[in-house]
Amino acid sequence: MPFVITPYEKIRNDFSERNYPWGILVLSVLLNRTTPGVAIKSLRKFLEKWPTPEALQGATKKDVEDATFLCGTKHGKAANILLLTNEYLAGIDYKELYPYVGWPGLDAYRMLVLRDFSVKPKDTKLLDFWKQHSSPEIA
């Protein structure tokens with residue numbers, strides 16, 4: 001199997017180490033029903049305006065919709081990004097963010113931020129990545 005790089009890894013350099021966990025969550029929202037290339041392009045535009053979760057706090061839903069319009073269903077995605085950012089800044093456990101990021105987002109966060117490969121993901125790209133990075137006895 002060729003080495004797999006997930007969309008999540010492609011954006012690692014766009015974040016400081018401190019903001020990478022938040023970026024994984026935002027990208028998870030943008031990837032819902034959107035191709036990775038479009039989601040990454042939208043995320044980079046988004047980060048030009050709001051490089052940190054704290055910077056996003058002054059944004060309106062319309063601001064976020066305008067920055068993420070390429071990803072479609074802008075109303076729901078913008079609302080989810082704003083809500084998950086508020087929860088993230090409040091220190092909520094990442095598992096409680098499921099309503100905003102779904103299982104792929106939680107799996108990506110667990111593997112890429114927490115470096116926990118104990119649970120096999122359902123998303124195909126994440127599954128390929130998991131197979132490459134989990135220990136042989138897990139796979």
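Colleague: When I look at the two helices α2 and α7, are they roughly parallel or roughly antiparallel to each other?

Modeller: The label depends on the angle between the N-to-C directions of two axes, lines fitted to C-alpha atoms, for helices over the stretch in contact, with angles running from 0 to 180 degrees; under 35 degrees counts as roughly parallel, over 145 as roughly antiparallel, 65 to 115 as roughly perpendicular and the rest as oblique. Here α2, residues 20-31, packs against α7 at an angle of about 150°, and their axes are 8 Å apart, so α2 and α7 are roughly antiparallel to each other. This is a predicted model, in which local features need pLDDT of at least 70 and side-chain atom pairs count only at 80 or more, while totals for chains, interfaces and linings use all residues. Residues are numbered from 1 along each chain as its sequence is written, and side-chain values use heavy atoms, with hydrogens and water left out.

Colleague: Which residues in α2 and α7 meet?

Modeller: A contact requires heavy atoms within 4.5 Å. On the α2 side the residues are Tyr20, Pro21, Ile24, Leu25, Ser28 and Val29, and they meet Tyr100, Val101, Gly105, Ala108, Tyr109 and Leu112 of α7.

Colleague: How many helices and strands does the protein chain have?

Modeller: Both are DSSP runs numbered from the N terminus (helices H or I, at least four residues; strands E, at least two). The protein chain has 8 helices and 0 strands, and from the N terminus on its elements read α-α-α-α-α-α-α-α. Among the contacts in this chain with a separation of 6 or more, 53% join residues 24 or more positions apart.

Colleague: Which residues of helix α8 are buried?

Modeller: Buried means under 20% relative accessible area (exposed over 50%, partly exposed in between; 1.4 Å probe, protein chains only). In α8, which spans residues 124-133, the buried residues are Leu126, Leu127, Phe129 and Trp130. They cover an arc (from the directions from the helix axis to the C-beta atoms) of only 165° around the axis, which puts them on the same side of α8. What covers these buried residues includes α1, residues 7-10, and α7, residues 98-112. Of the 139 residues of the protein chain, 45% count as buried.

Colleague: Why does Asp66 count as partly exposed?

Modeller: Asp66 sits in helix α5, residues 61-67, and because its relative accessibility is 36%, Asp66 counts as partly exposed. From C-alpha to C-alpha, Asp66 lies 9.1 Å from Phe46, although 20 residues separate Asp66 and Phe46 in sequence.
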